Amino acid sequence: MPASSILVIDDEALIRWSLSERLTEEGHAVVDAEDGTTALALVAEERPDLVLLDYQLPDMTGMDLLRDFRQRMPEVPVLLMTGHSSVERAVAAMREGAYHYVVKPLNLDELVLLVDKALETRRLRDEVRTLRASSSAPYDFSRIIGDSVPMQRVKRLMRKIAATRASTILLTGESGTGKDLAAKAIHYNSDRAARPFMNITCSAIQETLLESELFGHEAGAFTDARKRKRGLLEQADGGTVFLDEIGETAPSFQAKLLRFLEEKSFKRVGGAEDVKVDVRVIAATNRDLQAEVKAGRFREDLYYRLRVLPIELPTLRSRTGDVPILIHAFIDRFNEEFRKRIRGVSPATMDALVGYDWPGNIRELKNAVERAMLLADGDELGIEDFMMLLGATGGADDGFVLPESGIDLEAVEQDFVRQALARTGGNRTRAAKLLGISRDQMRYRVDKFGL
Ligand SMILES: Nc1ncnc2c1ncn2[C@@H]1O[C@H](COP(=O)(O)OP(=O)(O)OP(=O)(O)O)[C@@H](O)[C@H]1O
Ligand SMILES: [Mg+2]
């Protein structure tokens, strides 16, 4: 096994010494630290390949350090050494992302095995990551399905932009058109692929927290800020930060973001120092930003900065020619996932699906295929498998789609009358209104069906 650098953190000199001895014998390079502060200074300079961490340290607990390490260098396995066989502590450590824990007194042979295994896992993971970063990656542009003219154009544009040095990209498009997918494809097909891709949904988090998530904060910046925290921008240095739902952010945040985009540097919350990073920002929104600007909800200057390189993802209804390939691609995917053997959809169903207007775009289509496949009995999907979709939102102009297998009109009528009565608590006048018939017609049906 090639030499790896291992950081040993323990306040007991004897333990540091015996671990160093043994691990060096095994061919590893060992550095050690007697407390958390020293350890933090060490990892700030160079990343170890693995960390052996004592729980009880003079200046902080192993858990505090563990948390910090997971943020700072998530790929580095941390083995926690705990003095007491406290199950809760071990469980908590695993939950915080520890690779494993060992109980003192240490069994060095066991520990060496564990270290080797952790390093091996890490190497495999690195390999997978490099593979992912190469062209056969799951985020390859070929995973973005669609051959229609608008899709070809968008894919060409994405490919081109991914390869540039552009630091800011704006993705727009209705919900479900593939903005997330596009952001990842751009990152993993750029020369930043081996560096982190960090993403944050701006609307999911309160404004001040969003700032500290992105820019980080200094110790004491606010009540809960006990320690300095590196924000996503610092963590993603060399890589990409994806700011999803940018249209939902507050003006003060927008101002700070603009400053960063223009100056490539920022101050942590509560900090004075200028931090410089090299990060590509991909912002996305399903809102019409121009309208947001007009309404005074989005800063015009930021809008113009963002839209230097805009990519608009087309709606599915504007490229209905892609519906069949998307359906087949999702059928293949779910066949594998659900161990099913669906061959396709019937021609009439395909017509109906191509004609449907897909307000939820590809997400809706994907969910519809998934649901249909879970419910399907045969090896072909029919109208009845998509009934919820086509029945519920078919719209007034196309009405309900008649299933290929046909229906019993009288039974359907009876069913609707019963539903209308149930929904209105038996009020015939309102039930009649729901069905678009007169009270007399309602009375006639109630009698006929004996309701
Ligand atoms: N062109 C495509 N080919 C294959 N799958 C796609 C394509 N576009 C979107 N998808 C899939 O559809 C789903 C929705 O896409 P995504 O989450 O990227 O949409 P979004 O534009 O980010 O939506 P929202 O605005 O709601 O966040 C995902 O499961 C995604 O993998
Ligand atoms: Mg999204």
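**Close-up views of a predicted model**

**View 1. The loop that holds Trp 358, and the start of the helix after it.** Trp 358 sits in the loop that runs between helix 14 (347–355) and helix 15. The model shown here and in every other view is predicted. Trp 358 is not a glycine, and its phi is positive, near 45°. Most residues other than glycine have a negative phi. Trp 358 counts as buried because 24 C-beta neighbours lie inside 10 Å, where 20 or more are needed. Asn 361 belongs to helix 15. Asn 361 is likewise not a glycine and has a positive phi, of about 55°. With 22 C-beta neighbours inside 10 Å, Asn 361 also counts as buried.

**View 2. The surroundings of ligand 1.** How many residues surround ligand 1? There are 15, and the closest are Ile 145, Ser 175, Gly 178, Lys 179 and Asp 180. Two elements, helix 7 (179–188) and helix 15 (361–375), give two or more residues each to this shell. By type, the shell residues divide into four nonpolar, seven polar and four charged. Domain 2 (141–312) and domain 3 (316–398) each supply at least three residues of the shell.

**View 3. Helix 10 and its two sides.** Helix 10 covers residues 251–263, which makes 13 residues. From its first C-alpha to its last, helix 10 reaches 18 Å, close to the 18 Å expected at 1.5 Å a residue. Its buried residues are Phe 253, Gln 254 and Leu 257. Seen down the axis of helix 10, these residues fall within an arc of 100°, so they line one face of the helix. They pack against helix 8 (207–215) and helix 12 (300–306). Which residues are exposed on the other side of helix 10? They are Ser 252, Ala 255, Glu 262 and Glu 263. Just after helix 10 comes Lys 264, with a positive phi of about 60°.

**View 4. Helix 8 and what covers it.** The buried residues in helix 8 include Leu 210, Glu 211, Ser 212, Leu 214 and Phe 215. Among the elements that cover the buried residues of helix 8 are strand 7 (197–201), strand 8 (216–217) and strand 9 (229–230). Helix 9 (232–235), helix 10 and strand 11 (265–267) are also part of this cover. Gly 216 follows just after helix 8 and takes a positive phi of about 80°.

**View 5. The peptide bond before Pro 105.** Lys 104 and Pro 105 are joined by a cis peptide bond, with omega about 0°. Most peptide bonds are trans. Pro 105 lies in the loop between strand 5 (100–103) and helix 5 (108–133).

**View 6. Gln 441 and the domains of the chain.** Gln 441 is found in helix 20, which spans residues 439–449. Is Gln 441 buried or exposed? Gln 441 is exposed because just 12 other C-beta atoms lie within 10 Å, and a residue with 12 or fewer counts as exposed. Gln 441 and Gly 178 are 263 residues apart along the chain, and 48 Å separate their C-alpha atoms. The domain assignment gives domain 1 (5–132), domain 2 (141–312), domain 3 (316–398) and domain 4 (409–449). The centres of domain 1 and domain 3, taken over C-alpha atoms, are 50 Å apart.

Key: Residues numbered from 1 in each chain as written. Chains lettered and ligands numbered in written order. Predicted model: local features only at pLDDT ≥ 70, side-chain atom pairs only at ≥ 80, totals over all residues. Helix = DSSP H or I, 4+ residues; strand = E, 2+ residues; numbered from the N terminus. Expected span 1.5 Å × (residues − 1). Arc of directions from axis to C-beta. Contact = placed C-beta atoms within 7 Å. Near = placed C-beta within 6 Å. Nonpolar A, V, L, I, M, F, W, Y, C, P; charged D, E, K, R; others polar. Domains from an automatic or database assignment.
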